[in-house]
Amino acid sequence: MLVLENQARIAVIGAGPAGCFFAHTTLQLASRLGRNIQVTLFDGKDFTQSGPVGCNRCAGVLSASLLQHLEAEGIFLPDSRVQREVSGYYLQMRDGGLDIMPPGGQHRIMTVYRGNGPRFCEVPGIISFDDFLLERVQVEGAKMIQQPVRAITCPANRQEPLRLTYGFKGQESTFEADLVVCAFGVNSAMIRLVERLGFGYRAPRLLRLCQVELPLPADYIQQRLKNRIFTFNLGLQGIHFAAWVPKANHVTMTVVCTHDATKADLLTVLNHPAVRQWLPPDWKFPVHICSCYPYVPLTAAVQPYADRIVMIGDACCSRYFKNGIESAYITARLAAHTALNLGVSREAFRRGYGKVLRQTLIRDNRYGRALFKIDYFVSCYDILRRIHLRVAQWPASHPACRQPQEIL
C-alpha cells in the first residue's frame, strides 16, 4: 500500500489555481493529521507579467459558490486583485434580451485577471489572482521553484519515488517526489509528456476558443453595461455563443464555436447589430489588442491517475464551458483528501478521487452538453428563439423560472 508518510515530498507541476488549491488543502489537512508533508510547486510562468506570458488564458470569473468556499477557509481576496463585482447576467439574442439576476440578490460573483492584466495596458501594481494564491500558499509553507519541468521518470519499483527533471536547458536539476500532482492545464505541452508515460492517461477532447480584451471606459462598463456578464446567443452558423466579462477598463470577450474559433469568428460576432448596440458609437477595433486562443476541455480525461501520480484541474476534467477555476478547486481538494486519507496508489485514487468525480463533475457535464446543444438548436430557428425569449421574460416569481435561475 502506498501512503504519504511523515516527511513525504509532493511535487506539484503548475502553480495556478489547481496547484495552489491542492497545496493549501494538503498543508491544512496534514497539519490536522499531525504529519509533516513537504509541498513544492514548479512553474516557469511569472504571474506578475502582463499579457499571455503571465496569464493562464482564462476569462477570470469567480463564482459565488467558490467565493463562499474560499471565505469559509479564511481566504479573502483583497480589493486590489478584484476587477469587478458582477451585478448579474444579460442574455442577448437576435430578437431582444433580458436580465438574469441572482436569486435574492445574494450571490456575489467577482472577476479577476489570472496574470497581471492585458498587454498594451498599464495597471496599478500587482493585480494577478494567480499570484495572490501563490503568495498565500507560500506563506502557509509551500515551496516554489520558478522553473519548468522537462521530464517525469517513473521507477520500475512502485515503492520508489518518481523523479522530475526541471530547469532551463543546460541547467537541469532533479527532484524526487513521493507524489507528483499534474496541475498544468490543457494548454501546456506537459500534457503530451504525461500521455507518453504509458499508464493509460489520455487528455480530454479539446476545443480552441478565441479570447480578446476589449478596451472600454470604466464608467461605460459601470453605467451602460451595469457590471453584468453578457452572453450573446445569436443563432450564427457555427458559433455557439459569445460572452463578455467586465473588468476594470476592459471587457474580456470569449467566442465559442462548433469548430476551433478564429479572429474571423470574433469579428462576425462583434459586427452583429445585437452586439454593436452595446459598444460606444465611436468604438473601433484596436490596432494593438491582447488576444489568445486557449483550448478548453470538452470531455473528461481517461485514466487521470496512477501510482504516485494524479491529474487535477482541466487536464483531468472541468465543468462544461463554465466555472473552470471552481473545477480546479473541486479536483484539487478531492485529490488532496484522497492522497492523505486513502493513499497515493492507483487503486486509492480510483476508489476516492475517481469515484467522486464520476458522481459529480463528469455526471453533471452530461446534462451540460445536452443543455448547450438544445440552446444552440433553439437559437438557430426564429420561432423557437422568440418563444424561448418570451418564456424567459416571465417574472422571477413564476415557478418555471426558479430552477433555471438557481442553475446560474
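This section describes two sheets, one helix, the internal cavities and two loop residues of a predicted model.

Strands of a sheet pair through backbone hydrogen bonds, in either the parallel or the antiparallel sense. The smaller arrangement considered here is an open sheet of three strands, ordered β9-β10-β11 and paired in antiparallel fashion. Its edges are formed by β9 (149-153) and β11 (173-177), each of which pairs on one side only. On average, neighbouring strands of this sheet are turned by 25° against each other, direction being ignored.

Strand β10 (residues 162-166) is joined to β9 by four bridges, and the two strands run antiparallel. In this pairing A151 stands opposite T165 of β10, while I152 has L164 of β10 as its bridge partner. Between β10 and β11 there are five bridges, again in the antiparallel sense. T165 has T174 of β11 as its bridge partner. T165 of β10 is thus placed opposite A151 and is also bridged to T174. The connection from β10 to β11 is a hairpin with six residues between the strands, and G167 in the turn adopts a positive phi of about 115°.

In a regular strand the side chains alternate between the two faces of the sheet. For β10, the covered face consists of L162, L164 and Y166, whereas R163 and T165 make up the uncovered face. Of the residues with bridge partners named above, L164 belongs to the covered face of β10 and T165 to the uncovered one.

A further open sheet contains seven strands in the order β6-β5-β15-β16-β17-β14-β18, and its pairing is mixed. The edge positions are held by β6 (96-100) and β18, each pairing on one side only. Strand β5 (residues 88-93) is connected to β6 through five bridges, and these two strands run antiparallel. Within this pair, L91 stands opposite L98 of β6.

Four cavities of 30 Å³ or more are present in the structure. The largest cavity has a volume of about 170 Å³. It is lined by 19 residues, of which C55, Y113, Q211, E213 and C290 are the closest to its centre. Strands β14 (210-215) and β18 (291-292) each supply at least two residues of this lining. The largest share, three residues, comes from β14. Both strands also belong to the seven-stranded sheet, in which β14 precedes β18 in the strand order.

Helix α9 (residues 346-359) comprises 14 residues and reaches 18 Å from its first C-alpha to its last, close to the 20 Å expected at 1.5 Å a residue. The helix contains a kink of about 30°, centred on Y353. Y353 is also among the buried residues of α9, which are A348, F349, G352, Y353, G354 and L357.

Most residues other than glycine have a negative phi. Two loop residues depart from that pattern. K226, which is not a glycine, has a positive phi of about 55°. K226 lies in the loop between α5 (218-223) and β15 (228-233). With a relative accessibility of 47%, K226 counts as partly exposed. N323, likewise a residue other than glycine, has a positive phi near 55°. N323 is located in the loop between β21 (309-311) and α8 (324-341).

Conventions:
Residues numbered from 1 in each chain as written. Predicted model: local features only at pLDDT ≥ 70, side-chain atom pairs only at ≥ 80, totals over all residues. Heavy atoms only, no water. Pairing = 2+ DSSP bridges. Axes fitted to C-alpha atoms, helices over the stretch in contact; angles between N-to-C directions. Expected span 1.5 Å × (residues − 1). Bend = angle between axes of the 7 residues up to and from the residue. Buried < 20%, exposed > 50% of the residue type's maximum accessible area, 1.4 Å probe, protein only. 1 Å grid on protein atoms, 1.4 Å probe; cavity = no way out; pocket = protein on both sides within 12 Å on 5 of 7 lines; lining within 4 Å. Points joined across faces, edges and corners; volume = space filled by probe spheres on them.
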